[in-house]
Amino acid sequence: AMTALSLADVVGVTAASISQYENGRQSPSPDVLKRISEALNVPVHRFSLPVYRRDSGVLHFRCMSSATKRARQRALRRYEWLRELCEYLERFVKFKQANFPEFDVPADPTKLSMDRVEEIATESRQFYRLGNGQVGNMVELLENNGAIVSAFNLEASTLDAFSEWGTDSPRPFVILSSENR
């Protein structure tokens, strides 16, 4: 990941200019845009695509508390790219319909008691007819029931997975770290 200050140094503009470009208050010249593209290893046309805006749901991170804000931001950027890709593909490919049980749970997961978590686990096993044994392949179970599961390099040993089922999404997304598998 590159900071705005580092990018400014590499591209040969001020950090204030990078900020102006990021916030849409100023556009870079074609030459500067080409240098930004090369520095970030992103095709020039990527910068002319419409900005992807969506209502986000609650992201659930499964990580150690030491995961840095920068690591989470980097992971979220990659997640946004995945969401954009899936949105594009859904124009051409029919994805599986989500098939997940609904539970009455508080919006804040820290408000769940361990007893309620155990009840939800038992009800989920019954819903999928899993029995009480070990689940053979959790990723396969999620994907077969309409979740999008992806693994990519999160570049942080303290960040191993996160998930979201947003208000604007017909299915949950689960992101796994490829380096911690």
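Tyr 79 and Phe 173 are both buried, and that pair is a handy way into this predicted model. The two rings sit with their centres 5.8 Å apart and their planes at 75 degrees, so they meet edge-to-face. Tyr 79 belongs to helix α4 (residues 69-89) and Phe 173 to strand β4 (residues 173-177), so the contact ties together parts that are 94 residues apart in sequence. From there, here's a run through the aromatic pairs, the nonpolar cores, helix α2 and a few backbone oddities.

**Aromatic pairs**

- Counting ring pairs with centres within 6.5 Å, the model has six aromatic pairs.
- Phe 100 and Trp 165 make another edge-to-face pair, at 5.5 Å centre to centre with 75 degrees between the planes.
- That pair also links distant parts of the chain, 65 residues apart: Phe 100 comes from the loop between α4 and α5, while Trp 165 comes from the loop between β3 (159-164) and β4.
- Burial isn't shared evenly here: Phe 100 has a relative accessible area of 19% and is buried, whereas Trp 165, at 41% relative accessibility, is partly exposed.
- The cut-off for buried is under 20%, so Phe 100 at 19% makes it into the buried class.
- Phe 100 and Trp 165 don't stand alone, since Phe 127 and Tyr 128 join them in one aromatic cluster.

**Nonpolar cores**

- In soluble globular proteins, nonpolar side chains tend to be buried together.
- The largest nonpolar core here has twelve residues, and both partners of the opening pair, Tyr 79 and Phe 173, are in it.
- Other members of this core include Ala 75, Leu 82, Cys 86, Phe 95, Phe 152, Phe 162 and Ile 175.
- Helix α4 and strands β2 (148-152), β3 and β4 each put in at least two residues.
- The top contributor is α4, with four residues.
- There's a second, separate core of nine residues, and Phe 100, Tyr 128, Val 149 and Leu 176 are among them.
- Phe 100 and Tyr 128 therefore turn up twice, once in the aromatic cluster and once in this second core.

**Helix α2, a two-sided helix**

- In α2 (residues 15-22), the buried residues are Ser 17, Ile 18 and Tyr 21.
- Looking down the axis of α2, these buried residues fall within an arc of 100 degrees, so they line one face of the helix.
- Ala 16 and Glu 22 are on the other side of α2, and they're exposed.
- The cover over the buried residues includes α1 (4-11) and α3.
- Just after α2 comes Gly 24, with a positive phi of about 75 degrees.

**Positive phi outside glycine**

- Asn 41 isn't a glycine, yet its phi is positive, at about 55 degrees.
- You'll find Asn 41 in the loop between α3 (30-40) and β1 (60-63), and at 70% relative accessibility it counts as exposed.
- Arg 129 does something similar, with a positive phi near 55 degrees in a residue other than glycine.
- Its place is the loop between α5 (114-127) and α6 (138-144).
- Arg 129 is exposed as well, at 77% relative accessibility.

Methods
Residues are numbered from 1 along each chain as its sequence is written. This is a predicted model: local features need pLDDT of at least 70, side-chain atom pairs count only at pLDDT 80 or more; totals for chains, interfaces and linings use all residues. Side-chain values use heavy atoms; hydrogens and water are left out. Buried means under 20% relative accessible area, exposed over 50%, partly exposed in between (1.4 Å probe, protein chains only). The arc is that of the directions from the helix axis to the C-beta atoms. Contact means heavy atoms within 4.5 Å. Rings of Phe, Tyr and Trp (its six-membered ring) pair if their centres lie within 6.5 Å; planes under 30 degrees apart count as stacked, over 60 as edge-to-face and the rest as tilted. A nonpolar core is a set of buried Ala, Val, Leu, Ile, Met, Phe, Trp, Tyr and Cys residues joined through side-chain atoms within 4.5 Å.
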